[in-house]
Amino acid sequence: MSTEIQAQSCPQPSFMETHKFTLLRNTAYILVILALIVIPELKIAKIDLAHDEAWIFGEKVSVEDGLMPVVMAVGFFAILVIVMNLFNGRVFCGWICPGGWVAEIQDLIRKRMYNPRSQALSKAGYYIVSLITAVLFLALFFNWVTDLRVFFYSTNPMFPWMWAAFLSALVVVYFEVFIGKRWCRTFCPTGIYQKITPYHHKFKTTMAPQFDLSDCGSCRECIKNCPMALDPRRMAYINDFYKGIQACIVCGECVDTCKQVMLPQCKEPLMTWVTDLPERDPDFIAGKVKKTK
Ligand code: SF4
Ligand code: SF4
């Protein structure tokens, strides 16, 4: 943290207190990924195009019948996106989308390996890490529709088709993984859909009304940690495709971050959740810091 930690005279916060949303979100993401692995692995719903077989709840069925639960799973996620967006904006992106989770992890790796000061070797390493992540991520979905061993058996008639489909998808997924969270900010079709269709934000993060920007001093930690590159203190007042509340994924990282900054200094966190936005003057919304404090 860039903010200097001052002398302590209060009980120090627990890790859980300052990382509540990080922990909850990661738990939700991991459960979704586990479901994506377990469902086809246990043959609860799986199609194997390479061997013209399918299973529903462990029972072998025709490929045509096996398609139904896969289509239903896709439909379920599509409906989930629409309903969640109507209730609380891009909450799907911040809590459920496996692609969003992978992009966040990639962003963390990217900061270490692929920044302007990185050595060429480190940058090359990031290309390789991104490729491994992209392949694993894609395998997660291909496992729903084929026995993955088909990729190693050239005698199988589906061998060239599977490789063609996999490599075509890999081009897009590699790009997504390589650029990390910028994919979610700019390119993701699901993200764009949620920005341009009707949405509502019941819960949103903002700076608590008793504070203003001058209370932050030189700290900009919530801005640095926001996965969507927003200014969390005032983004809820801004109507903008990239910089406003449309872009917010309701992750709560800004609330956690402000606690990590303020609580160790025995100060009240500035960031909070609200259901109704407090009145704010235009200078605050424009990001002007008052000089009187
Ligand atoms: S503004 Fe806060 S809740 Fe919204 S995306 Fe950024 S860190 Fe997450
Ligand atoms: S709101 Fe909190 S974390 Fe964000 S800049 Fe101000 S003090 Fe720092």
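How far apart do the C-alpha centres of domain 1 and domain 2 lie? In this predicted model, where local features need pLDDT of at least 70, side-chain atom pairs count only at pLDDT 80 or more, and totals for chains, interfaces and linings use all residues, the two centres lie 30 Å apart. Residues are numbered from 1 along each chain as its sequence is written, while chains are lettered from A and ligands numbered from 1 in the order in which they are written.

## The chain and its two domains

The C-alpha atoms of the protein chain fill a box of roughly 75 × 45 × 35 Å along the principal axes. The chain has twelve helices and five strands, where helices (H or I, at least four residues) and strands (E, at least two) are DSSP runs numbered from the N terminus. Of its 293 residues, 30% are buried, a residue being buried if 20 or more other C-beta atoms lie within 10 Å of its own, exposed if 12 or fewer, and partly exposed in between, with C-beta atoms placed from the backbone.

An automatic or database domain assignment is the origin of the domain bounds, and the chain is divided into domain 1 (18-196) and domain 2 (201-285). Between them, 17 residues of domain 1 are in contact with 22 residues of domain 2, contact meaning that the C-beta atoms of two residues, placed from the backbone, lie within 7 Å. On the side of domain 1 that touches domain 2, α2 (20-41), α3 (63-88), α4 (91-95) and α8 (181-187) each supply at least two residues, and α2 provides the largest share, with four residues.

## The core between the domains

The largest nonpolar core, a set of buried Ala, Val, Leu, Ile, Met, Phe, Trp, Tyr and Cys residues joined through C-beta atoms within 7 Å, holds 41 residues, of which Phe92, Cys248, Cys258 and Met271 touch the most other members. α11 gives the most to this core, with five residues. Because domain 1 and domain 2 both give residues to this core, it lies between them. Leaving aside neighbours within four places in sequence, Phe92 is in contact with Leu80, Val81, Met84, Asn85 and Cys97.

## Two ligand shells

A residue is near a molecule or strand if its C-beta atom, placed from the backbone, lies within 6 Å of it. Around ligand 1 there are 14 residues, and Cys226, Pro232, Cys248, Cys251 and Cys254 come nearest. The residues around ligand 2 include Cys216, Cys219, Cys222, Cys258 and Met271. α10 (221-225) and α11 each supply at least two residues of the shell around ligand 2, and α11 gives the most, with three residues.

The table sets out residue classes, in which Ala, Val, Leu, Ile, Met, Phe, Trp, Tyr, Cys and Pro count as nonpolar, Asp, Glu, Lys and Arg as charged, and the others, Gly among them, as polar.

| Group | Nonpolar | Polar | Charged |
|---|---|---|---|
| Shell around ligand 1 | eleven residues | two residues | one residue |
| Shell around ligand 2 | eight residues | one residue | three residues |
| Side of domain 1 that touches domain 2 | four residues | six residues | seven residues |

## A pair of strands

Strand β4 (residues 204-207) pairs with strand β5 (residues 271-274) in the antiparallel sense over four bridges, pairing being counted if DSSP finds at least two bridges between two strands. Thr205 stands opposite Trp273 in β5. Lys204 and Thr206 point one way from β4, whereas Thr205 and Met207 point the other way, and all are buried. In a regular strand the side chains alternate between the two faces of the sheet.
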